[in-house]
Amino acid sequence: MRKLSFMKTACVAALALSCVWAVAGCSSSEPVKSARTGGVAATVNGTEIAEDDVTDAVEEARARLSLTDEDTWGQWMADNNYTPESVREEFIDTLVSQEIIRQAAAERDITVDSEEIQTYVSTMRDHYDSDQAWEEALAAVGLTEDEYRKNIEFSLLSSRLSDEVAADAEPDQATMLSYAQMMASSYNGAKRSSHILFDADDEATAQDVLNRINSGQLDFAEAAKQYSKDTGSATNGGDVGWDCLANFVTEYTDGLTPLASGQVSGLVPSSFGIHIIKCTDQFVAPEEVTSTDQLPTEFVDTIRNMVASTSQSSAYTSWVEEQKTNAEIVINDMPEGLPYWVDMSNFESSTTAQAVTDNTNAAVDANLATESGETVVQGENATGTEGTEANQAAQEQQTTGTTGGTATN
């Protein structure tokens with residue numbers, strides 16, 4: 001089933017993580033411009049959730065999924081076991097959860113400074129070369145910049161509330177070992193590397209340093225400390241960690257890939273300048289993981305953080321659900337005239353329709369088999385046994401197939 005959910009907060013994360021929503025196939029359809037009904041959809045401890053807010057969220061989701069046409073929308077709901085009522089319920093539930101979080105944060109004096117929000121916006125805006133490109137990226141996920149700011153605020157607010165009410169606990173050793181066993185194979189072949197970075201126009205120096213490293217006149221780590229323009233890694237001998245835990249540019253990855261542990265590359269140009277790369281280690285997953293000590297420390301730390309984050313997220317979700325249970329929540333009846341309402345009696349699930357077709361075909365096949373069985377009986381007067389058994393089996397098939405078709409209809 002394709003889940004229909006309130007996606008605006010998720011879109012904030014998508015922009016922050018990848019900055020590629022605009023070119024990742026998101027629909028650019030505009031939300032359906034229909035009249036709103038007004039009124040109140042629900043109240044949470046006395047705070048109202050406007051019906052129009054629910055409607056706007058549904059319509060924006062329809063636009064993102066290219067479901068603005070009524071027939072397409074109705075068929076999508078039928079195929080995914082939704083009705084307009086259940087769609088409304090799901091969106092209200094999400095908005096109720098958000099209101100619960102806001103109220104809980106306010107009770108604990110958890111706030112988000114406007115300067116923090118601006119920092120996030122500025123950082124994301126810098127990924128685009130023009131205001132138009134930035135606005136198009138936001139539009140691709142159904143957001144204005146003002147809405148984007150509000151979603152950043154809510155995300156930070158929720159994160160801080162989570163830290164307070166569902167603090168992450170240190171995973172126990174058994175859990176760590178279980179995850180290490182599951183993930184060890186995904187780390188197999190991972191390479192750790194160091195590099196020395198030169199300015200793009202300083203190829204002569206880069207080549208000279210490379211020659212001295214290859215001849216043994218210069219130690220790689222010392223060369224990194226002396227020559228590398230990457231000051232962040234230079235103090236550590238150029239170490240940039242494991243490739244599976246980093247996000248290297250393609251040119252760097254291509255330069256590292258053919259290297260065995262201890263080998264040094266040639267000059268590798270990239271958008272950052274010129275690299276000399278050394279593969280310092282390569283991980284080979286053991287056939288059996290019996291201890292986390294069999295994995296590099298960095299892998300274990302990554303697993304620990306992942307497990308702790310998952311545990312905290314689960315605890316936070318449970319906490320929010322508990323708050324919802326204890327809250328005074330009133331959900332009002334669905335009003336008439338909502339733009340996303342359609343008569344679902346006009347739509348049939350494609351899966352159900354296929355099942356009817358399959359049962360109908362089975363009935364036809366059974367009928368043909370019956371006729372075939374009768375012919376066998378007539379043609380085998382010597383014993384009649386084979387024909388009679390075939391006839392009986394065919395009749396049973398026909399009965400089963402016809403019943404199945406009728407039941408489905």
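Buried means under 20% relative accessible area, exposed means over 50%, and partly exposed is whatever falls in between. Keep that in mind for the close-ups below, which come from a predicted model.

**View 1. Arg88 and Glu51, a salt bridge between two helices**. Here the closest N and O atoms sit 2.9 Å apart. Arg88 comes from helix α4 (residues 84-107) and Glu51 from helix α2 (residues 51-64), so this contact ties together parts of the chain that are 37 residues apart in sequence. As for solvent, both Arg88 and Glu51 are buried. Over the whole model, the salt-bridge count comes to 17.

**View 2. Arg108 meets Glu107**. This salt bridge has an N to O distance of 3.9 Å, and it still makes the list because the cut-off is 4 Å. Arg108 has a relative accessible area of 31%, so it goes down as partly exposed. Glu107 comes in at 64%, which is over the 50% mark and therefore exposed.

**View 3. Arg212 and Asp208 within helix α9**. The two side chains meet in a salt bridge at 3.4 Å, N to O. They are 4 residues apart in helix α9 (residues 203-214), so about one helical turn separates them. Both ends count as partly exposed, with Arg212 at 24% relative accessible area and Asp208 at 38%.

**View 4. A salt-bridge network of Asp93, Glu321 and Lys324**. These three residues are joined into one network by salt bridges that share partners.

**View 5. Tyr187 stacked with Phe299**. Turning to the rings, the structure holds 9 aromatic pairs. In this one the centres are 4.1 Å apart and the planes differ by 20 degrees, so the pair falls under the 30 degrees needed to count as stacked. Tyr187 belongs to helix α8 (residues 173-187) and Phe299 to helix α13 (residues 297-326), which makes this a link between distant parts of the chain, 112 residues apart. Tyr187 and Phe299 are both buried.

**View 6. Trp242 tilted against Phe299**. Phe299 turns up again, this time with its ring centre 5.0 Å from that of Trp242 and the planes at 55 degrees, so the pair is tilted. Trp242 sits in strand β4 (residues 239-242) and Phe299 in helix α13, so the contact ties together parts 57 residues apart in sequence. Here too, both Trp242 and Phe299 are buried.

**View 7. The aromatic cluster around these rings**. Tyr187, Trp242 and Phe299 join Phe283 in one aromatic cluster.

Methods: Residues are numbered from 1 along each chain as its sequence is written. This is a predicted model: local features need pLDDT of at least 70, side-chain atom pairs count only at pLDDT 80 or more; totals for chains, interfaces and linings use all residues. Side-chain values use heavy atoms; hydrogens and water are left out. Buried means under 20% relative accessible area, exposed over 50%, partly exposed in between (1.4 Å probe, protein chains only). Rings of Phe, Tyr and Trp (its six-membered ring) pair if their centres lie within 6.5 Å; planes under 30 degrees apart count as stacked, over 60 as edge-to-face and the rest as tilted.
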